[in-house]
Amino acid sequence: MMLILEEYFKNYPARKKVAEFLFENGLSVKRGRIYLRSVEVPISELARIIGVNRKIVYHTIEYIEKTHPLKLIFERLDPLPSLINVAPLMGWEVLEVELEKEMYLDGFSEILLMLNKKDIRVIEIFSRNLREEPTKLYVIIDGTLPADVFVRVKEIQGFKKLILRTPERDKERYVCNYCEVRYCPKRILMERIAANQSQ
């Protein structure tokens, strides 16, 4: 997609910046306006967030609507809701695995097979394999990941990096140079408050 934007907006860097923002956030362009699903997004607020003036946003909308291939893409954009940021608060963990592009499908299937063999319930899977971005797989699991699975993920074909979002702080001891654990301090605080109230 970024190559398409590069081609159509190569002479318009400010408009390209607007188009990239719209694409990355799933904002559609219809009838001269910008929408988040069916909710119209104010142009002035959008311009402020992107860091351009309102005229640039209007020119971008106009350009998209008169360029048929862009119009076909942008009128169909839709944001994808995800539980990634909410998961640790719910007591779930998120595996964010960066993979080599050539090994993407092998790595993806190995991770799912590994989780299946351990009877780990998967709540949500989200993945991106665009040419211009790092290839990533996000897997939200119900509960927490057994330590041996956490360690084995690093051994899959095409593995580059692992980020584990978790409500458990003790997983930090399994970190290597290619891993990172982001535990949820709010979840830990909520558990402490609940424990104190029950005493």
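## The sheet of β1, β2 and β3

In this predicted model, strand β1 is joined to strand β2, which covers residues 33-36, by three bridges, and the two strands run antiparallel. One position that shows how they face each other is Ser28, which stands opposite Tyr35 in β2. The two strands belong to an open sheet of three strands, whose order is β1-β2-β3 and whose pairing is antiparallel. The edge strands of this sheet are β1 (28-30) and β3 (39-40), each of which pairs on one side only.

Where in this part of the chain does Arg37 lie? Arg37 is placed in the loop between β2 and β3, and its phi is near 55°, a positive value in a residue other than glycine. This deserves a second look, because most residues other than glycine have a negative phi. With a relative accessible area of 44%, Arg37 is partly exposed.

## Strands β4, β5 and β6

Another set of pairings involves strand β6, which covers residues 135-141. Seven bridges join β4 to β6, and these two strands run antiparallel; within this pairing, Glu96 stands opposite Tyr138 in β6. Strand β6 also pairs with β5 in the antiparallel sense, over six bridges, and here Arg128 stands opposite Lys136 in β6. The strands β5 and β6 form a hairpin, with six residues between them.

Why can strand β6 be called largely enclosed by the rest of the structure? Six of its seven residues are buried, so the strand is largely enclosed by the rest of the structure. Here a residue counts as buried when its relative accessible area is under 20%.

The loop that leads from α6 (104-117) to β5 holds Asp119, whose phi is near 55°, again a positive value in a residue other than glycine. Asp119 is exposed, with a relative accessible area of 70%, whereas Arg37, at 44%, is partly exposed.

## Salt bridges

How many salt bridges does a search of the whole structure find? The search finds 14 salt bridges, and a few of them are described here. The side chains of Glu6 and Lys16 meet in a salt bridge with an N to O distance of 2.8 Å. This pair links distant parts of the chain, since Glu6 lies in helix α1 (residues 2-8) and Lys16 in helix α2, ten residues apart. The two partners differ in their surroundings: Glu6 counts as partly exposed at 40% relative accessibility, while Lys16 is buried, with a relative accessible area of 17%.

In another salt bridge the side chains of Lys71 and Glu75 meet at 3.4 Å, N to O. Lys71 is partly exposed, with a relative accessible area of 30%, and Glu75 is also partly exposed, with a relative accessible area of 26%. The side chains of Glu133 and Arg128 likewise meet in a salt bridge, at 3.4 Å, N to O. Of this pair, Glu133 is partly exposed with a relative accessible area of 23%, and Arg128 counts as partly exposed at 27% relative accessibility. Beyond single pairs, salt bridges that share partners join Glu6, Lys16 and Glu20 into one network.

## The largest pocket

Arg128, already met in the pairing of β5 with β6 and in the salt bridge with Glu133, is also one of the residues that line the largest pocket. This pocket has a volume of about 330 Å³. Its lining includes Phe23, Glu24, Asn25 and Gly26, together with Leu77, Asp78, Pro79 and Leu80, and it is completed by Ser82, Ile84, Phe126 and Arg128. Which elements give two or more residues to this lining? They are α2 (13-24) and β5 (122-128).

## A nonpolar patch on the surface

A nonpolar patch on the surface, of about 230 Å², is made by Val86, Leu89 and Met90. Val86 has its place in the loop between α5 (68-74) and β4 (93-99). Is Val86 buried, partly exposed or exposed? With a relative accessible area of 37%, Val86 is partly exposed, and residues in such a patch must have over 30% relative accessible area, so Val86 passes this cut-off.

Technical notes:
Residues numbered from 1 in each chain as written. Predicted model: local features only at pLDDT ≥ 70, side-chain atom pairs only at ≥ 80, totals over all residues. Heavy atoms only, no water. Patch = residues over 30% accessible without salt bridge, like charges linked within 9 Å, V, L, I, M, F, W, Y side chains within 5 Å. Areas by Shrake-Rupley, 256 points an atom, 1.4 Å probe, with all protein chains shown as cover. Salt bridge = Lys/Arg side-chain N within 4 Å of Asp/Glu carboxyl O. Helix = DSSP H or I, 4+ residues; strand = E, 2+ residues; numbered from the N terminus. Buried < 20%, exposed > 50% of the residue type's maximum accessible area, 1.4 Å probe, protein only. Pairing = 2+ DSSP bridges. 1 Å grid on protein atoms, 1.4 Å probe; cavity = no way out; pocket = protein on both sides within 12 Å on 5 of 7 lines; lining within 4 Å. Points joined across faces, edges and corners; volume = space filled by probe spheres on them.
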